[in-house]
Amino acid sequence: MLRMTVLAGLLLAGSAQAAECTISNARYEHDQAAWHLSFKPVPKLSAPNQTAAFIIEMPNSNVTMEGAVHRPNGFGSPLWSISGPCSETSTESCTFVEGNPAAYGNYGGKVGWFDDAPGATAPDQFILPQLAMSLWYSMYRENEFVADNNEGDVFTLTGCD
């Protein structure tokens, strides 16, 4: 009986820990590039329809990009954007994605809109369509893209703080 109680307690503790992995404490790594993604609080002076904020660290260029997720008019698909220094040595800021592509999450093997609600469960993968293409045609091409790699738009969950 004691063994069953301990096993049940361990299972419940594991479930509680998994449930605590939210977009506010999730850490991601890019599947092919040396890029790291983490979420941060939405800035107080952001647009009213901004629902999430994230950063992408690009260590080969020693640059951190600032990303945002917005919900137009408070509903619809979560649209994302990213900006940062126009080049490694630039003090000027550039936006790197044309238009506003939707952000997606892979939740237990099913891809759907990114759940950007406060406290939402972190997806297994965070998908930013057009990210790699946009950075490929930027000043970061030489340092961030490695021959024979297939840099894409997918970040995989590596842990939670």
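Reader: Which residues do ring pairs link into a cluster?
Author: Ring pairs link Tyr28, Phe39, Phe54, Phe114 and Phe126. Keep in mind that this is a predicted model, where local features need pLDDT of at least 70, side-chain atom pairs count only at pLDDT 80 or more, and totals for chains, interfaces and linings use all residues. Residues are numbered from 1 along each chain as its sequence is written, and side-chain values use heavy atoms, leaving out hydrogens and water.

Reader: What makes Phe39 and Phe114 an aromatic pair, and why is it called stacked?
Author: Rings of Phe, Tyr and Trp (its six-membered ring) pair if their centres lie within 6.5 Å; planes under 30 degrees apart are stacked, over 60 edge-to-face, and the rest tilted. Here we have 5.5 Å centre to centre and 10 degrees between the planes, so it's a pair, and a stacked one.

Reader: How do you know whether Phe39 is buried or exposed?
Author: Buried means under 20% relative accessible area, exposed over 50%, partly exposed in between (1.4 Å probe, protein chains only). Phe39 has 9%, so Phe39 counts as buried. Phe114, at 1%, counts as buried too.

Reader: And why is the pair of Phe114 and Phe126 called tilted?
Author: The planes are 55 degrees apart, which is neither under 30 nor over 60, so tilted it is. The centres are 4.6 Å apart.

Reader: What makes the reach from the His30 side chain to the backbone oxygen of Gly152 a polar contact?
Author: A polar contact is a pair of N or O atoms within 3.5 Å; within protein, one must be able to donate a hydrogen and the other to accept it, and residues adjacent in sequence count only if both atoms are side-chain atoms. The distance here is 2.7 Å, so it falls within the limit.
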